[in-house]
Amino acid sequence: MISRRSVLKGAALSLGAPMINRGRFSLFAQSETEYAARTVDLVRRSTVIDMLGLLTLDYSKLLVWEGDPGRFGQADFVRLRDSGTTVFHPAVGYIAGDIYTESWRDIIGWNAFTAAHREQFQRIERVAHFKQAKALGKIGILIGQQNSAHFRTVEDVDRFYDLGQRVSQLTYSGNRIGGGSSDPRDSGLSKYGIQIVERMNHVGMAVDISHCGDRTTMNAIEASRKPVFITHSNCRALVPSCARCKTDEAIKHMAATGGVMGITMVRSFVRSAGPVTIEHVLDHFDHLTRLVGVEHAGIGSDVDLDGRDTRVRPTRRFDLDGIDYAKKVYDLTEGLVRRNYSSRNIELILGGNFERALTETWAVEAGPRSS
């Protein structure tokens, strides 16, 4: 049996981090930040799922990795592993040009990348793959898209499922399926959109409504027979001016389906003005869990390990103040500990809730998949 002491010792050794100051760890080189032993224990034993976690926001680098997987080196893997995230959902949204072809190319690229790095990566297609990735020390890649405009027909849902796609955001901006949060007018989920949701339910593909407009959001929840996901958003009650954040009404209805909402670490979604820190991110977790229960809270950071503000600026545009995104999982966990969440509830937030909801979603319904 593996003891808690051995887990902590293993965590320290894997990151080259000595234990210091009464059970606290310095985990990252060239950083004086220390983390409680409980924080390290929680991260290391949890299957941490970031439902909008990007390996990199440098898309030219990503295209190189996908086109020539050998360009992804051991140092790149170690940095991702040491971040504490077990499973990344690195979905992007194609909104112009030949969206079908671009989405197909993106998924083919991820398939080639994970196949070329079998010892380091696990493509997450089935529920068992979560535990498999964790046990083998691999990084999980959960393939999704942030726009469902590549579903030209209902049958395309089947085609992309067979290719490996397991999550699809219905809209990025408005499309045939419904309206987006940035649209001046949201007409709601179309009849075609209802058919797409029904087919996604049937094959076992998760319905994501993160970018949907308010009316489309509610219609999609009503149309789905399975859990509905808000993979990356925040609570509009705390940021009233942000249409990308979700209303309390939408969150309640999402939770009633058994769905989970991933809280982002994007500045404008967290707070409308002033300093924006990890404490304000934690405020969204507090609001969400008070509103619908801890069982419906998760992580959808919507950022990579470097942040979106790549240049030093007097004021930040996208990123939080005082954060190193490479350490965000540990900072979040430390904050949840500080706010007196129980260890079990922190494990649920770190990934247990998304794993549960995806288990329910990926259960394939009986009967043929064809129309």
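Student: What does Arg 244 touch in this predicted model?

Tutor: Arg 244 touches Ser 181, Ser 210, His 211, His 232, Ser 233, Phe 269 and Asp 302. That list leaves out residues up to four places away in sequence. Arg 244 sits in the loop between E11 and H10.

Student: Why is Arg 244 called buried?

Tutor: The relative accessible area of Arg 244 is 10%. Buried means under 20%. Arg 244 therefore counts as buried.

Student: How far is Arg 244 from Gly 178, in sequence and in space?

Tutor: They are 66 residues apart in sequence. C-alpha to C-alpha, the separation is 15 Å.

Student: Asp 302 was one of the contacts of Arg 244. What is unusual in the phi of Asp 302?

Tutor: Most residues other than glycine have a negative phi. Asp 302 is not a glycine, yet its phi is positive, about 65 degrees. Asp 302 lies in the loop between strand E13 (297–299) and H13.

Student: Is Asp 302 buried or exposed?

Tutor: Buried: its relative accessible area is 8%, and the cut-off is under 20%.

Student: What makes Asn 340 exposed?

Tutor: Asn 340 has 69% relative accessibility. Exposed means over 50%, so Asn 340 counts as exposed. Asn 340 is in the loop between H13 and H14. It also has a positive phi, about 70 degrees, although it is not a glycine.

Student: Where is Val 276, and why is it called buried?

Tutor: Val 276 is in the loop between helix H11 (267–270) and H12. Its relative accessibility is 1%. The limit for buried is under 20%, so Val 276 counts as buried.

Student: What does Val 276 touch?

Tutor: Its contacts are Arg 267, Val 270, Arg 271, Leu 320 and Asp 321, not counting residues up to four places away in sequence. The C-alpha atoms of Val 276 and Tyr 341 are separated by 22 Å, and the two residues are 65 residues apart along the chain.

Student: Now the helices. Which residues of H10 are buried?

Tutor: In helix H10 (residues 248–256), these are Ala 250, Ile 251, Met 254 and Ala 255.

Student: How do you know that they share one side of H10?

Tutor: They cover an arc of only 135 degrees around the axis, which puts them on the same side of H10. An α-helix has 3.6 residues a turn, so residues three or four places apart point the same way.

Student: What do the buried residues of H10 pack against?

Tutor: They pack against helix H9 (214–223), strand E11 (228–233), strand E12 (261–263) and helix H12 (278–292). After H10 comes Gly 258, with a positive phi near 95 degrees.

Student: Which residues of H6 are buried, and what puts them on the same side?

Tutor: In helix H6 (residues 128–136), His 129, Phe 130 and Ala 133 are buried. Their arc around the axis is only 110 degrees, which puts them on the same side of H6. On the other side of H6, Ala 128, Lys 131 and Ala 135 are exposed.

Student: What covers the buried residues of H6?

Tutor: The cover includes strand E4 (49–50), strand E5 (87–88), strand E6 (121–123), strand E7 (139–141) and H14. H6 is followed by Gly 137, whose phi is positive, near 70 degrees.

Student: Why is H2 called oblique to H14?

Tutor: The axes of helix H2 (residues 37–45) and helix H14 (residues 343–361) cross at roughly 45 degrees and come within 10 Å. Roughly parallel needs an angle under 35 degrees, and roughly perpendicular starts at 65. The angle fits neither class, so H2 is oblique to H14. The contact is made by Arg 38, Leu 42, Val 43 and Arg 45 of H2 and Ser 343, Ile 346, Glu 347 and Leu 350 of H14. By class, that contact of H2 with H14 has 4 nonpolar, 1 polar and 3 charged residues.

Student: What makes H2 oblique to H13?

Tutor: The axes of H2 and helix H13 (residues 328–338) cross at roughly 120 degrees and come within 9 Å. Roughly perpendicular ends at 115 degrees, and roughly antiparallel means over 145. The angle lies outside both classes, so H2 is oblique to H13. The crossing of H2 and H13 is right-handed.

Technical notes
Residues are numbered from 1 along each chain as its sequence is written. This is a predicted model: local features need pLDDT of at least 70, side-chain atom pairs count only at pLDDT 80 or more; totals for chains, interfaces and linings use all residues. Side-chain values use heavy atoms; hydrogens and water are left out. Buried means under 20% relative accessible area, exposed over 50%, partly exposed in between (1.4 Å probe, protein chains only). Helices (H or I, at least four residues) and strands (E, at least two) are DSSP runs, numbered from the N terminus. The arc is that of the directions from the helix axis to the C-beta atoms. Contact means heavy atoms within 4.5 Å. Axes are lines fitted to C-alpha atoms, for helices over the stretch in contact, and angles run from 0 to 180 degrees between N-to-C directions. Ala, Val, Leu, Ile, Met, Phe, Trp, Tyr, Cys and Pro count as nonpolar, Asp, Glu, Lys and Arg as charged, and the others, Gly among them, as polar. A crossing is left-handed if the near helix is turned anticlockwise from the far one by less than a right angle, and right-handed if clockwise.
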